[in-house]
Amino acid sequence: LITENPMQDLDSPHLKKSLPRYLNLEESEELLDSVDGVNQARDYCILTLFLNCGLRISELIGLNITDVRGNQLRVLGKGNKERRVAVADAVWERLAVWLEARAGDPCPNVFLAVRRYGRISTGHSITSSAVYQILKTRSSQSGVEDFSPHDLRRTFATRLLGAGTDINLVRKAMGHASVLTTQRYDKREDEEVEEATRKILI
């Protein structure tokens, strides 16, 4: 019955976008240094794989024992695309410690659910909600501001790009189909602008 739209002159609310989060080197070290307790082997391994291999949370959860091959991981990414992820010696040492701790369990997944007091839940793989809870707990213990699995993945890409790694190589390491996606992780220009701004004196 209304001939005119009473909403036509109203502006849509602008949603505030939060800036992408990634950990700097100091935060990464503080986080890892703080890991202790009954689940130390598992949690430290999860954090190092996120930080040093750039895995997605789905890739971490879906990682099977048979995917651990020498000093490489076979990772099944988006669209069931397979890629090989190189594992540094320090990361491999942490992975070996956890694999020994969960040895003999019939579950094919690398990471298993852990019940209270650090008891491994036989035959059950870890869930995404459990991983988020691990990060929340470790964030609180370390004093590092809250972060997500993707923030740690972003940290991996940012560190590679900051070290001067070719963006196409970073794309492959991240499992991106397009280099345009990888460019979103490139913070070098932002850092250069910030550095230049700090030099301005009035």
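**Figure 1. Serine 28, a buried residue of helix 1.** In this predicted model, serine 28 has a relative accessibility of 5% and therefore counts as buried, the cut-off being under 20%. Serine 28 belongs to helix 1, which spans residues 25–33 and has the highest confidence in the chain, with a mean pLDDT of 96. Leaving aside residues up to four places away in sequence, look for three partners around serine 28: Leu23, Leu51 and Thr155.

**Figure 2. Arginine 42, a charged residue that counts as buried.** You will find arginine 42 in helix 2. Its relative accessibility is 6%, so arginine 42 falls under the 20% limit and counts as buried. What does arginine 42 touch, not counting residues up to four places away in sequence? Its partners are Trp98, Phe111, Leu112, Ala113, Val114, Ile126 and Ile134. One of them, alanine 113, is 71 residues from arginine 42 along the chain, yet the two C-alpha atoms are separated by 9.9 Å.

**Figure 3. Helix 2 meeting helix 4.** Here helix 2 (residues 40–53) and helix 4 (residues 89–101) are shown together, with axes that come within 9 Å and cross at roughly 145 degrees. The crossing of helix 2 past helix 4 is left-handed. On the helix 2 side, the contact is made by Ala41, Arg42, Tyr44, Cys45, Thr48, Leu49 and Asn52. Helix 4 contributes Val91, Arg94, Leu95, Val97 and Trp98. Sorted by character, the residues of this contact are eight nonpolar, two polar and two charged. Arginine 42 will be familiar from the previous view, where Trp98 is among the residues that it touches.

**Figure 4. Asparagine 80, a loop residue with a positive phi.** Which loop holds asparagine 80? Asparagine 80 sits in the one that links strand 2 (72–76) to strand 3 (82–86). The phi angle of asparagine 80 is positive, about 55 degrees, although this residue is not a glycine. Is asparagine 80 buried or exposed? With a relative accessibility of 62%, asparagine 80 is over the 50% mark and therefore counts as exposed.

**Figure 5. Serine 125, a partly exposed residue of strand 5.** Serine 125 is placed in strand 5, which covers residues 120–125. Its relative accessible area is 28%, between the 20% and 50% limits, so serine 125 is described as partly exposed. Apart from residues up to four places away in sequence, serine 125 touches Cys107, Asn109, Phe111, Leu112 and Ala113. Of these, Phe111, Leu112 and Ala113 are also among the contacts of arginine 42. For a sense of spacing, compare serine 125 with valine 110: they are 15 residues apart in sequence and 7.8 Å apart in space, C-alpha to C-alpha.

**Figure 6. The whole chain, for orientation.** Stepping back from the close-ups, the chain has nine helices and five strands. Starting at the N terminus, these elements follow the order α-α-α-β-β-β-α-β-β-α-α-α-α-α. Of its 202 residues, 38% count as buried. The chain exposes about 12900 Å², of which carbon and sulfur atoms supply 51%. Among contacts between residues at least 6 apart in sequence, 53% join residues at least 24 apart. How confident is the prediction, and where is confidence lowest? The mean pLDDT of the chain is 87, with 90% of residues reaching 70 or more. Confidence is lowest in helix 9 (residues 188–198), where the mean is 68.

Conventions
Residues are numbered from 1 along each chain as its sequence is written. This is a predicted model: local features need pLDDT of at least 70, side-chain atom pairs count only at pLDDT 80 or more; totals for chains, interfaces and linings use all residues. Side-chain values use heavy atoms; hydrogens and water are left out. pLDDT is the predictor's confidence in each residue, from 0 to 100. Helices (H or I, at least four residues) and strands (E, at least two) are DSSP runs, numbered from the N terminus. Axes are lines fitted to C-alpha atoms, for helices over the stretch in contact, and angles run from 0 to 180 degrees between N-to-C directions. A crossing is left-handed if the near helix is turned anticlockwise from the far one by less than a right angle, and right-handed if clockwise. Contact means heavy atoms within 4.5 Å. Buried means under 20% relative accessible area, exposed over 50%, partly exposed in between (1.4 Å probe, protein chains only). Accessible areas come from the Shrake-Rupley method with a 1.4 Å probe; for residues, only the protein chains shown count as cover.
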